[in-house]
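Q: Can you walk me through this one? I'd like the helix, the pocket and the cores.
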Amino acid sequence: MNLQTILTIKVKQAILKQFTIELPTVEFQPTRKDFEGDITVMVFPMLRHIKGNPVKIGEQIGAFLEQEVDAVSGFNVIQGFLNLVISDAYYLNFFEGIKNDSNYGFAIEVKKNAVMVEYSSPNTNKPLHLGHIRNNLLGYSVAEILKASGRKVYKTQIINDRGIHICKSMLAWQRFGDGETPESTGLKGDKLVGNYYVAFDKAYKKQVAQKVKGGIDPKVAEKEAPILLEAQEMLQKWEAGDKETVALWKTMNGWVYKGFEETYKNLGVDFDTLYYESDTYLLGKDVVEEGLQKDVFYRRDDGSVWIDLTDDGLDEKIILRSDGTAVYMTQDIGTAIQRIKDRPDVGGMVYTVGNEQDYHFKVLFLILKKLGYEWADSLYHLSYGMVDLPSGKMKSREGTVVDADDLMNDMTQTAAEISEELGKLEGYSNTEKRDLYKMIGLGALKYYILKVDPKKRILFNPEESVDFQGNTGPFIQYTYARIQSILRKAEELDSLGFQNLTGMNRSLHPKEKELIKQLQGYPETIQLAAENLSPALIANYTYDLVKEFNSFYQQVSILGEEDGQKKLQRVALSRKVGQVIKSAFGLLGIEVPDRM
RNA sequence: GGUCCUGUGGCGCAACUGGAUAGCGCAUCUGACUACGAAUCAGAAGGUUACAAGUUCGAAUCUUGUCAGGAUCACCA
């Protein structure tokens with residue numbers, strides 16, 4: 001039983017005994033640094049149930065706790081705050097308990113329902129960019145956090161491999177490609193295909209401009225540009241299964257997949273199951289019938305099918321076009337149901353999709369609920385803000401994007417420059433160095449993105465490189481490396497036999513106590529991060545821990561400590577902090593180095 | 001126009017979900033490498049939490065209104 005649970009029981013007892021009143025809840029918070037104590041009991045909320053002076057009540061509770069709970073070694077009351085001093089022995093004992101727990105912080109019990117986390121889900125007509133990076137990092141991290149919190153997780157993505165967008169690239173390649181392949185050009189497949197997407201847009205704009213010049217209304221011109229009509233024709237041919245079209249489609253998608261694979265590998269993300277839109281785009285049509293029967297949907301005179309959500313504060317939404325073809329919503333309904341069929345243990349889903357689709361998901365979830373699927377209550381839209389550039393939105397067609405591969409390379413390059421300058425890597429081979437630079441560069445990038453609340457939009461300025469100092473990934477990696485350095489030295493000492501010391505009846509340095517308190521918060525931070533689908537909470541926690549450790553490191557001698565017992569415990573504490581850093585960063589998808 | 005999200009020192013972010021004197025990093029200024037790694041640490045300066053009312057013992061957090069930025073409201077995806 002953890003301390004807070006014990007204290008809750010005891011506080012309730014105290015109140016029951018002294019006021020014969022049953023308190024429903026007791027609120028705690030860590031004692032602020034400016035006051036003496038470790039844990040604070042909030043007295044104010046109790047005043048709703050007990051009449052009296054908060055200071056007096058606090059003192060009565062405090063006295064009772066000091067008497068009854070071993071861990072409480074003192075208290076003071078300031079206004080409505082009862083600050084409890086917790087004994088060093090308690091913290092030492094707590095630390096002994098977690099010291100050798102290599103899985104510390106992770107939930108032991110696995111919860112019943114698995115959860116499917118969808119992220120990435122790119123279109124296959126262009127390379128991944130910074131926006132996808134945010135999506136990927138968030139999705140991957142949330143999946144890892146959910147696992148740590150005790151959920152079974154399936155990572156998935158739906159690859160948008162069909163549609164007008166890929167046809168545009170295909171057409172442009174046919175037209176201007178001259179038989180180019182990734183092999184012949186040395187270009188990454190996704191880049192090559194992306195170039196033709198841009199080429200299409202250029203040709204298209206030219207045609208539109210010409211038409212407008214010839215006196216045609218711009219809106220009409222946009223719809224009637226020959227090249228666009230051809231692309232639409234191509235899409236129809238694809239849907240009809242035209243051999244040649246499908247073959248080209250397969251080839252070009254194949255190039256893209258190979259390119260994506262490389263990017264994902266570099267980024268360090270992975271998936272358990274893949275869905276392809278070309279397999280799922282027809283799903284959901286049969287559900288329309290079901291919805292009509294249940295009177296959730298209705299049919300209009302022209303044959304189109306709708307749902308009326310005005311009673312829920314939304315509007316009317318189309319489910320099926322009058323020509324009987326599906327819209328995006330139809331697919332999403334069908335795909336969601338399909339996923340549950342494929343994985344019956346799944347009880348919920350997380351969709352990592354930008355906030356521009358907030359409304360779409362609101363509607364989707366509501367529809368599934370109205371259709372009567374009980375898992376509809378466990379669907380979450382992990383909505384995140386756009387990554388914008390100082391110049392505005394990123395647009396692939398206009399080439400104003402920060403390319404994912406380029407960015408990762410730049411980050412690695414910057415890390416290399418800084419490392420070379422500091423020159424601490426004697427004895428490292430070139431490959432070791434390269435791996436390390438990548439680890440640090442990506443650490444900086446990932447932390448930079450993940451430490452921000454997902455909801456907020458990010459303004460990314462490529463001119464100002466991501467920091468490597470202060471509240472950054474490399475700062476935390478550095479601390480980890482430093483700890484490893486201590487441990488290497490401690491090992492040498494181990495051989496002298498000092499590890500046989502035992503006993504823990506000693507006082508803690510205030511910095512040690514703070515560190516243990518910080519460590520204590522890891523499991524609940526994981527749970528909180530899982531509930532809120534927020535890697536930012538893990539990032540912030542890790543930063544606080546590391547800051548605390550660096551302060552400890554500065555003020556307290558570890559290997560220089562003469563008392564063998566203390567030295568041993570400080571080494572153990574450092575090791576534990578290192579483990580938690582590694583574990584927490586693992587949840588963010590960031591690696592940590594032994595040296596840097 | 002309707003709906004949703006965001007607004008915290010110059011800049012970038014926190015604040016344990018309603019608690020104490022709003023924390024941290026960059027940038028600026030001051031100190032600390034013959035100390036376990038200075039990608040570090042210690043300190044200074046910098047705030048009417050966009051604005052205004054309200055709710056209560058207590059508001060950055062909840063309510064309402066205003067302002068600013070963003071998103072969204074297609075038989076597009």
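A: One term before we start: contact means heavy atoms within 4.5 Å. Also, this is a predicted model.

Q: Fine. What covers the buried residues of α14?
A: The cover includes strands β9 (305–308), β10 (316–320), β11 (346–354) and β12 (379–384), along with helix α13 (328–342).

Q: And which residues of α14 are buried?
A: H360, F361, V363, L364, F365, L366, I367 and L368.

Q: What span should α14 have, at 1.5 Å a residue?
A: For the 13 residues of α14 (358–370), the expected span is 18 Å, because the rise is counted over one less than the number of residues. The end C-alpha atoms are 18 Å apart, which agrees.

Q: What happens just after α14?
A: G372 takes a positive phi there, about 95°.

Q: Switching to pockets. What volume does the second largest pocket have?
A: About 1,300 Å³. Its lining has 37 residues, and the closest to the pocket centre are I39, K517, Q520, G521 and E524.

Q: Which elements give two or more residues to that lining?
A: Helices α1 (3–19), α3 (88–99), α18 (510–520), α19 (522–532) and α20 (535–555), plus strand β1 (28–30).

Q: How do the lining residues divide?
A: 17 are nonpolar, 11 polar and nine charged.

Q: Now the cores. Which residues have the most contacts inside the largest nonpolar core?
A: M46 and L65, in a core of 145 residues.

Q: What does M46 touch, leaving out residues up to four places away in sequence?
A: V11, I15, L23, V26, V41 and I61.

Q: And the second core?
A: That one is separate and has 38 residues, including L292, I319, V327 and L379.

Definitions and conventions. Residues are numbered from 1 along each chain as its sequence is written. Chains are lettered from A and ligands numbered from 1 in the order in which they are written. This is a predicted model: local features need pLDDT of at least 70, side-chain atom pairs count only at pLDDT 80 or more; totals for chains, interfaces and linings use all residues. Side-chain values use heavy atoms; hydrogens and water are left out. Helices (H or I, at least four residues) and strands (E, at least two) are DSSP runs, numbered from the N terminus. Buried means under 20% relative accessible area, exposed over 50%, partly exposed in between (1.4 Å probe, protein chains only). On a 1 Å grid over the protein atoms alone, a cavity is a set of points where a 1.4 Å probe fits but cannot get out, and a pocket is an open set with protein on both sides within 12 Å along at least five of seven lines; lining residues have an atom within 4 Å of a point. Grid points are joined across faces, edges and corners, and a volume is the space filled by probe spheres set on the points. Ala, Val, Leu, Ile, Met, Phe, Trp, Tyr, Cys and Pro count as nonpolar, Asp, Glu, Lys and Arg as charged, and the others, Gly among them, as polar. A nonpolar core is a set of buried Ala, Val, Leu, Ile, Met, Phe, Trp, Tyr and Cys residues joined through side-chain atoms within 4.5 Å.
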